[in-house]
Amino acid sequence: MTTPPPYNPSNDTASEGQTYMVAPLVSTVMRKTFGWMAMCLLITALTAMGFVNSGLFYHMFTSGSILWILIIAELALVFVLSSFIDRMSVAVATLMLIVYSALNGVTLSFIFVLYSLGSIAKTFFITTGMFGVMALVGATTKRDLSKLGSILLMALLGLIIASTVNLFLRSSGLEWVVSFIGVILFTALTAYDVQRVKQLAAESDLYDDTQVGRLAVISALSLYLDFINLFLYLLRFFGRK
């Protein structure tokens, strides 16, 4: 899972609807972003727990084709949301976000079989704490984090390549290195993405309801992916099998 490219509200033209001044706009976008992100995490958790308790779980993981179909569907949803968000209504974009969260819950249901429930809960709280601190840093720091964008992107590509290579090597040492880098990377991406959302919300003078909703949806997806990836990498350190 990767972080989608930023939604640029400047691609939209002002249309009918309620408008916002810059200061209230930032708080509105941030509130909606974190609200939808929390909704996505809840949907993913409930879907994963419900699916693992059903007979469908074992059928999916004994049939590799079903798992690949789910993964491809998730990638397609992220691509469509990231590429065409400025052409969607807020309702359609939100529905796609909900569907993605549910599909991700199905694919992540395996963690409830591999790890104890207590260690999953502990890792979730650790992730929440780290995410919250870095989100606060991103929202309050005066330092421009946009300069880190190219570095973080290259690190993300390197992480994906290393993870893919290790699927064939199955090296425990490389897995620990990749996990450690993953924790650092998605911790930094959390602060970077939160500041990016704040800047996007503040850089335009006027918005309508649709533009606010679109920005909040794509921002929620980005932060949701940061949280999920950070959680999965931390689970390799704190998860008890």
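Student: Let's start with Tyr-100 and Tyr-224: are they buried or exposed?

Tutor: Tyr-100 is buried, and Tyr-224 is too. Keep in mind that this is a predicted model.

Student: How many aromatic pairs does the structure hold?

Tutor: Seven.

Student: Why is the pair of Tyr-100 and Tyr-224 called edge-to-face?

Tutor: Check the angle. The ring planes are at 80 degrees, with the ring centres 6.0 Å apart. Ring centres have to lie within 6.5 Å to pair, and planes over 60 degrees apart count as edge-to-face. So Tyr-100 and Tyr-224 make an edge-to-face pair. This pair links distant parts of the chain, with Tyr-100 in helix H4 and Tyr-224 in helix H9, 124 residues apart.

Student: And what makes the pair of Trp-176 and Phe-237 tilted?

Tutor: Here the planes are at 55 degrees and the centres 5.1 Å apart. Stacked needs under 30 degrees and edge-to-face needs over 60, and the rest are tilted, so this pair is tilted. It also joins distant parts of the chain: Trp-176 sits in helix H8 and Phe-237 in helix H9, 61 residues apart.

Student: Why does Phe-237 count as partly exposed?

Tutor: Buried means under 20% and exposed means over 50%. Phe-237 has 34% relative accessibility, so it is partly exposed. Trp-176, with a relative accessible area of 47%, is partly exposed as well.

Student: Which residues do ring pairs link into a cluster?

Tutor: Phe-124, Phe-125, Phe-131 and Phe-227.

Student: Let's talk helices. What does the secondary structure of the chain come to?

Tutor: Nine helices and zero strands. Among the helices, H9 is a good one to test.

Student: Why do we say that the span of H9 agrees with its 30 residues?

Tutor: At 1.5 Å a residue, H9 should span 44 Å, and its end C-alpha atoms are 42 Å apart, so the two agree. Helix H4 (residues 90-107) passes too: its 18 residues should span 26 Å, and its ends are 26 Å apart.

Student: Why is H9 described as largely enclosed by the rest of the structure?

Tutor: Because 25 of its 30 residues are buried. H4 has buried residues as well, including Ala-93, Met-96, Leu-97 and Leu-103. For the chain of 241 residues, 45% count as buried.

Student: How many salt bridges are there, and where?

Tutor: The structure holds one. The side chains of Asp-193 and Arg-196 meet in it.

Student: What makes that contact between Asp-193 and Arg-196 a salt bridge?

Tutor: The cut-off is 4 Å between the nitrogen and the carboxyl oxygen. The N to O distance here is 3.3 Å, and that meets the definition of a salt bridge. The two residues are three apart in helix H8 (residues 172-202), which means about one helical turn separates them. Both are buried.

Student: What about the second largest pocket, what is its volume?

Tutor: About 330 Å³. It is lined by 17 residues, and those closest to its centre are Ala-45, Phe-112, Ile-120, Phe-124 and Phe-231. Phe-124 is also one of the residues in the ring cluster.

Student: Which helix gives the largest share of that lining?

Tutor: H1, with seven residues. Helices H1 (22-52), H5 (111-114), H6 (117-140) and H9 (209-238) each supply at least two. By class, the lining has 16 nonpolar residues, one polar and no charged ones.

Student: Next, Arg-170. What is notable about its phi?

Tutor: Phi of Arg-170 is near 55 degrees, a positive value in a residue that isn't glycine. Most residues other than glycine have a negative phi. Arg-170 is in the loop between helix H7 (149-169) and H8.

Student: Why is Arg-170 called exposed?

Tutor: Its relative accessible area is 72%, and the bar for exposed is over 50%. Trp-68 in helix H3 (residues 64-84) clears that bar too, at 57%, so it is exposed.

Student: What about Leu-114, in helix H5: why is it partly exposed?

Tutor: Leu-114 has 43% relative accessibility, and partly exposed covers what lies between 20% and 50%. Its C-alpha atom is 8.3 Å from that of Arg-240, although the two are 126 residues apart in sequence.

Methods
Residues are numbered from 1 along each chain as its sequence is written. This is a predicted model: local features need pLDDT of at least 70, side-chain atom pairs count only at pLDDT 80 or more; totals for chains, interfaces and linings use all residues. Side-chain values use heavy atoms; hydrogens and water are left out. Helices (H or I, at least four residues) and strands (E, at least two) are DSSP runs, numbered from the N terminus. The expected span of a helix is 1.5 Å times one less than its number of residues. Buried means under 20% relative accessible area, exposed over 50%, partly exposed in between (1.4 Å probe, protein chains only). On a 1 Å grid over the protein atoms alone, a cavity is a set of points where a 1.4 Å probe fits but cannot get out, and a pocket is an open set with protein on both sides within 12 Å along at least five of seven lines; lining residues have an atom within 4 Å of a point. Grid points are joined across faces, edges and corners, and a volume is the space filled by probe spheres set on the points. Ala, Val, Leu, Ile, Met, Phe, Trp, Tyr, Cys and Pro count as nonpolar, Asp, Glu, Lys and Arg as charged, and the others, Gly among them, as polar.
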